[in-house]
Amino acid sequence: MPTPYYLIDKSKLLPNMEKIAWLRETSGAKSLLALKCFAAWSVFDFMSQYMDGTTSSSLYEVKLGREKFPGETHAYSVAYADDEIDEVIASSDKILFNTIGQLERFDAQSAGHVRGLRVNPGVSTSGFDLADPARPFSRLGEHDPEKIAAVVDRISGFMFHNNCENDDFDRFDAMLGHIEQRFGFLIRQMNWISLGGGIHFTGEGYPLEKFAERLKRFAGENEVQVYLEPGEAAITKSTTLEVTVLDTLYNGKNLAIVDSSIEAHMLDLLIYRLNAKMEPNAGDHEWMVCGKSCLAGDIFGEFRFPAPLKAGDRLSMQDAAGYTMVKKNWFNGVKMPAIAVKELDGAVRLARDFTYADFAAALS
């Protein structure tokens, strides 16, 4: 298959799905796929066998969840617009408001709907200020228990989203304890609580049994249905970005230019100044792998190979599902990677290809 393309491997997706299903069975917690992280609906039929639905961050995401993913559809947005609220409500089972102001603004339209409120507990695990929902002056959720108490009769649930790539169960446990201590009297008046995403519970070595016990205890003591919103946890290690070396040169280091771009196709690497993951990454020859856009810093990273790279070599960027396809763009008009799916029997099918017509249609 011509590169570049994202390859979603169901055999690598399956272990994550099985852990999510086990967690639901053991703890009672339901899991909703966070579409802001991964929205490749060509595998939604497969994922829906193990997950309970989707959660969204916009009108378009909630519509996609309703149309493509069987199960519950939760709607959330930092702010809803007047001209979209009716469609959001029509496309969702639950609607979460980011602020009391939004709840009051759309009180009449949403009165007959299941409603929730985002609560900002003031603590998080984010190592990046850019992604920290509890950063100073955060706009993400209400933080004052007294103000929240004044509207509890209008809602039936809360969403606490304060984890970020958190693979430390003890840290999660401590923060959940903080939430219970500060907001427990409010939580016990609710029917359901979402603990958001960012908990890396499908990762290797994560104490899944302790996690299940803690969720079950939280649900039982507060008499609530618990929801999780896994994004990365659902799709970690399932997808690669397949690329081809187009050219090589030497300028103090060995440089290889590939037919993809972090600016266009793996934007999180650029935003957070991260390196891509390459396998294999061993050998005597070190090369800097660069994207083909005109951005000087369009660099995937430096990796080791058993032999010098040359034009035509195929490379595989690992763990390329989360926040890639949902953020990809047409910068420089670089060809958009196709999307391919590797079935459990090993067969690979092309789910979607992109052409100049798609590039032109994104403009005016």
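## A walk through the predicted model

The UniProt entry, which is unreviewed, places the feature "domain: Orn/DAP/Arg decarboxylase 2 C-terminal" at residues 237-320. UniProt positions follow the numbering used here, feature names are shortened, and annotations may be inferred rather than shown by experiment. What you're looking at is a predicted model, where local features need pLDDT of at least 70, side-chain atom pairs count only at pLDDT 80 or more, and totals for chains, interfaces and linings use all residues. Residues are numbered from 1 along each chain as its sequence is written, and side-chain values use heavy atoms, with hydrogens and water left out.

Back to that domain: the C-alpha atoms at the two ends of residues 237-320 lie 8 Å apart. In the span, 44% is strand and 11% is helix; here helices (H or I, at least four residues) and strands (E, at least two) are DSSP runs, numbered from the N terminus.

Next, have a look at the "binding site" that the unreviewed UniProt entry puts at E232 and D268. They are spread over 37 residues of sequence but cluster in space, with a largest C-alpha distance of 12.8 Å. E232 sits in helix α10 (residues 232-235), and D268 in helix α12 (residues 267-271). Are these residues buried or exposed? E232 is partly exposed at 25% relative accessible area, while D268 counts as buried at 16%. The cut-offs are under 20% for buried, over 50% for exposed and partly exposed in between (1.4 Å probe, protein chains only).

As for contacts (heavy atoms within 4.5 Å), residues up to four places away in sequence are not counted. E232 touches C37, G322 and Y323. D268 touches R273, L274, Y323 and K327, so Y323 appears in both lists.

Now move to N191, in the loop between α8 (169-187) and β8 (192-194). N191 is exposed, with 52% relative accessible area. Beyond its neighbours within four places in sequence, N191 is in contact with S156, E223, V224 and Q225. The C-alpha atoms of N191 and A219 are 9.8 Å apart, with the two positions 28 residues apart along the chain.

Finally, the inside. A cavity is a set of points, on a 1 Å grid over the protein atoms alone, where a 1.4 Å probe fits but cannot get out, and lining residues have an atom within 4 Å of a point. There is 1 cavity of 30 Å³ or more. The largest cavity has a volume of about 50 Å³, volume being the space filled by probe spheres set on the points, which are joined across faces, edges and corners. Its lining includes F160, F172, M175 and N162, and divides into 6 nonpolar, 2 polar and no charged residues. Ala, Val, Leu, Ile, Met, Phe, Trp, Tyr, Cys and Pro count as nonpolar, Asp, Glu, Lys and Arg as charged, and the others, Gly among them, as polar.

Notes: 1 Å grid on protein atoms, 1.4 Å probe; cavity = no way out; pocket = protein on both sides within 12 Å on 5 of 7 lines; lining within 4 Å.
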